[in-house]
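Here are a few notes to read alongside the model while you turn it around on screen. They go through pockets and helix packing, one point at a time.

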Amino acid sequence: MSFFKRARIRYILHRHAIPHAYWLNCTENLPLLQGLTAVEKAHLRELASLFLVEKNIVAVQDLLVTDSMRVMIASQACLPVLALGFDCLSGWTDIIVYPDAFRVNRDIVDSAGVLHHQENILSGECWSSGPVILSWADIVQDQKTGHTGRNVIIHEIAHKLDGLNGHANGCPPLHYHMSVPQWTAELTAAYETLIQQVQEHNNSCINPYAATNPAEFFAVVSEYFFSSPALLEQHFPGVYRQLQLYYRQDPIRCCSLKERN
Ligand code: ZN
């Protein structure tokens, strides 16, 4: 990191750090953060402070985004990059927050060249090099349900990380000590198992939306990794291990620490 960049970060943290008491008030009930150590929480507060200076959180329709909502969004958006660094969130600026799930209309041409009109109701969306779009009602619901494997903020940030090496395809830029063939083998095996479960109309072991394509699989398993790590490790231990190597975090350890406290 250059001298000027370090100086800018120091300046932001000196002038714009989220006040500690306010941070505690906004984050003490967020299930995702409860297992973090004091050092990790302090680092997350720094990242969230940078996030709130560098990113533009914009409310649409009749939603009013309060400071506590901004801290809730920033803290969860920064959790995946806690050990990766803030630079992984570069290349985009805006977070657009809808009051509720939002309607998206698209025209899609299939492999046979036929045009289809699609209308979807989404809780979140992420444009490559563009904004992250979130539904506030879904963010709140994720907090209420706790550890269920659902977190729309983590999901969209995972897409952003996935797209850092070009386009989101389920394989973000891996660290030098990680093996691309191993990553591909573990995630592909789990993805194919999930597709089989969905096709056979079994109860799928994780959210069946993960079977949509490899990019959605990575985003969904990232949600589980942070919000329901034991369940992910139970069904797909190889995927858990790869995500542990990629995110450089071990949420299962966090959960056991939380239970001990
Ligand atoms: Zn997605």
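The points below start with the two pockets and then move on to three helix pairs.

1. Before anything else, keep in mind that this is a predicted model. Everything that follows was computed from that model, so to speak, "as is".

2. Start with the largest pocket, which has a volume of about 980 Å³. Its lining counts 39 residues, and the ones closest to the centre are His155, Glu156, His159, Tyr209 and Glu216. Put those five on display and you'll have the middle of the pocket marked out.

3. Which elements give two or more residues to the lining of the largest pocket? There are strands as well as helices here: strand S4 (115-122) and strand S5 (124-126), along with helix H5 (136-145), helix H6 (152-162) and helix H8 (214-227). H6 gives the most, with five residues.

4. As for the character of that lining, the residues of the largest pocket split into 19 polar, 11 nonpolar and nine charged.

5. Next comes the second largest pocket, with a volume of about 220 Å³. It is lined by 14 residues, and Lys5, Glu54, Phe86, Asp87 and Ser90 sit closest to its centre. Helix H1 (3-16) and helix H3 (38-54) each put at least two residues into this lining, and H1 gives the most, with four. By class, the lining of the second largest pocket has six nonpolar, five charged and three polar residues.

6. Now for the helices. H8, already met at the largest pocket, packs against helix H10 (residues 237-247) at an angle of about 85 degrees, with the axes 11 Å apart. Angles of 65 to 115 degrees count as roughly perpendicular, and H8 and H10 are therefore roughly perpendicular to each other. On the H8 side, the contact uses Phe218, Val221, Ser222, Phe225 and Phe226. On the H10 side you'll find Val239, Tyr240, Leu243, Gln244, Tyr246 and Tyr247. The residues of this contact divide into nine nonpolar and two polar, with no charged ones.

7. How do helix H4 (residues 67-78) and H5 pack, and at what angle? Their axes are 12 Å apart and the angle is about 70 degrees, so H4 and H5 also count as roughly perpendicular to each other. The crossing of H4 past H5 is left-handed. Met69, Met72, Ile73 and Gln76 of H4 make the contact with Trp136, Ile139 and Gln143 of H5. Five of the contact residues are nonpolar and two are polar, and none is charged.

8. The last pair brings H10 back, this time with helix H7 (residues 180-199). Their axes come within 9 Å and cross at roughly 140 degrees. Are H7 and H10 oblique or roughly antiparallel to each other? Only angles over 145 degrees count as roughly antiparallel, and H7 and H10 are therefore oblique. H7 passes H10 in a left-handed crossing.

9. To see that contact, pick out Gln182, Trp183, Glu186, Leu187 and Ala190 on H7, and Gly238, Val239, Gln242, Leu243 and Tyr246 on H10. The contact of H7 with H10 has six nonpolar residues, three polar and one charged. Val239, Leu243 and Tyr246 of H10 are worth a second look, since they are listed in the contact with H7 and in the contact with H8.

Conventions
Residues are numbered from 1 along each chain as its sequence is written. This is a predicted model: local features need pLDDT of at least 70, side-chain atom pairs count only at pLDDT 80 or more; totals for chains, interfaces and linings use all residues. Side-chain values use heavy atoms; hydrogens and water are left out. On a 1 Å grid over the protein atoms alone, a cavity is a set of points where a 1.4 Å probe fits but cannot get out, and a pocket is an open set with protein on both sides within 12 Å along at least five of seven lines; lining residues have an atom within 4 Å of a point. Grid points are joined across faces, edges and corners, and a volume is the space filled by probe spheres set on the points. Ala, Val, Leu, Ile, Met, Phe, Trp, Tyr, Cys and Pro count as nonpolar, Asp, Glu, Lys and Arg as charged, and the others, Gly among them, as polar. Axes are lines fitted to C-alpha atoms, for helices over the stretch in contact, and angles run from 0 to 180 degrees between N-to-C directions. Angles under 35 degrees count as roughly parallel, over 145 as roughly antiparallel, 65 to 115 as roughly perpendicular and the rest as oblique. Contact means heavy atoms within 4.5 Å. A crossing is left-handed if the near helix is turned anticlockwise from the far one by less than a right angle, and right-handed if clockwise.
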